Amino acid sequence: VSDDMLRGHVDEVKARDAYSEHYEPVDELGFITRDIGGVTIGYSPDGAGVMSNFGIECKSRRQKYQLQVITDNEIPTEHMLQLQTGLMVTGWDYIDYISYCGGMPMWVIRCGRDEKYQEAITEAALGFEKQVQDKMFEYQERLANAGVVIETEREQPETEVYFE
């Protein structure tokens, strides 16, 4: 677990609380799944509107990236697939992308559906599912035709965790 990940967990709560106070109330949700073309696709939102059909996605940013998000006023490309997947899975009207960096202004950008992204996500998910099914078939065939198959048991080694 990196420092960025630890900061992100703390900042997510702060961003959600600030959003609820200044925009609209949101609640935490768990993992959401939806069947799309026979494939289960999932999304874990950072919050959902209490009274409306929307969600939020909070990102904890370092200062230089927060500055860039604010000046560009655009959702970073590296987060767009996650948001578009979220919109597909949930059926929400929109997701508010929240860019948060303690000591700088929090920045909110609304994200609606983009059909090109969603078509690409669906195509990739269906293609991946086919690859997995093909590989599972090959695996089962290989085992079925093997002369000898020796079953083994996986053991978990004991590890010590140190906290400073």
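Helices, of at least four residues, and strands, of at least two, are DSSP runs numbered from the N terminus. By that numbering, R34 is found in strand β2, which covers residues 32-36. The model on display is a predicted one. This tour proceeds by selecting residues in turn.

**Strand β2: R34**

Begin by selecting R34. With a relative accessible area of 40%, R34 falls between the limits of 20% and 50% and is therefore partly exposed. Next, display its partners beyond the neighbours within four places in sequence: R34 is in contact with V39, T40, I41, M88 and V89. Then select G91 as well. Although R34 and G91 are 57 residues apart in sequence, their C-alpha atoms are 9.7 Å apart in space.

**Helix α3: T85 and H79**

Proceed to T85, which lies in helix α3. Is T85 buried or exposed? Its relative accessible area is 14%, and because this is under 20%, T85 is buried. Leaving out residues up to four places away in sequence, T85 touches I41, G42 and I121. I41 has already appeared on this tour, among the contacts of R34.

Remain in helix α3, which spans residues 77-90, and select H79. H79 is also buried, with a relative accessible area of 11%. Which residues does H79 touch, not counting those up to four places away in sequence? They are K59, R61 and Y97. Keep K59 selected for the next stop.

**The largest pocket**

K59 is one of the residues that line the largest pocket. To show the whole lining, select D4, M5, R7, G8, H9, E12, D46, E57, C58, K59 and S60. The space in this pocket amounts to about 250 Å³.

Colouring the model by helix and strand shows where the lining comes from. Helix α1 (3-22) and strand β5 (54-60) each supply at least two of the lining residues. The largest share, six residues, is contributed by α1. Colouring by residue class gives another view of the lining: six residues are charged, three are polar and two are nonpolar.

**The aromatic cluster**

Now display the aromatic side chains. How many aromatic pairs does a search of the whole structure find? There are four. One pair consists of Y19 and Y23, whose ring centres are 4.8 Å apart and whose planes meet at 5°, so the pair is stacked. Y19 is buried, with a relative accessible area of 1%.

Select F54 and Y94 next. These two residues form a stacked aromatic pair, with 5.1 Å from centre to centre and 10° between the planes. F54 lies in strand β5 and Y94 in strand β6 (residues 94-100), so the pair ties together parts that are 40 residues apart in sequence. Both F54 and Y94 are buried.

With Y19, Y23, F54 and Y94 shown together, one aromatic cluster is in view. Add R110 to the selection: R110 lies over the face of Y94, at 3.7 Å from the ring centre.

**Helix α2 and the loop that follows**

Turn to I70, whose place is in helix α2 (residues 63-72). Apart from residues up to four places away in sequence, I70 touches P105 and W107. For a longer view, select A48 too: I70 and A48 are 22 residues apart in sequence, and their C-alpha atoms are 23 Å apart in space.

Then select N73, in the loop between α2 and α3. Most residues other than glycine have a negative phi. N73 has a positive phi of about 50° although it is not a glycine. At 43% relative accessibility, N73 counts as partly exposed, because this value lies between 20% and 50%.

**Helix α4 and the segment after it**

The final stop is helix α4, where A124 lies. At 47% relative accessibility, A124 counts as partly exposed. Select Q140 together with A124: these residues are 16 places apart along the chain, and their C-alpha atoms are separated by 24 Å.

Finish at N145, in the segment after α4 (115-144). Is N145 buried or exposed? N145 is exposed, because its relative accessible area of 63% is over 50%. To end, select L81 along with N145. The two residues are 64 residues apart along the chain, with 41 Å between their C-alpha atoms.

Terms used: Residues numbered from 1 in each chain as written. Predicted model: local features only at pLDDT ≥ 70, side-chain atom pairs only at ≥ 80, totals over all residues. Heavy atoms only, no water. 1 Å grid on protein atoms, 1.4 Å probe; cavity = no way out; pocket = protein on both sides within 12 Å on 5 of 7 lines; lining within 4 Å. Points joined across faces, edges and corners; volume = space filled by probe spheres on them. Nonpolar A, V, L, I, M, F, W, Y, C, P; charged D, E, K, R; others polar. Buried < 20%, exposed > 50% of the residue type's maximum accessible area, 1.4 Å probe, protein only. Contact = heavy atoms within 4.5 Å. Phe/Tyr/Trp six-rings, centres within 6.5 Å; stacked < 30°, edge-to-face > 60°. Lys NZ or Arg CZ within 6 Å of the ring centre and 35° of its normal.
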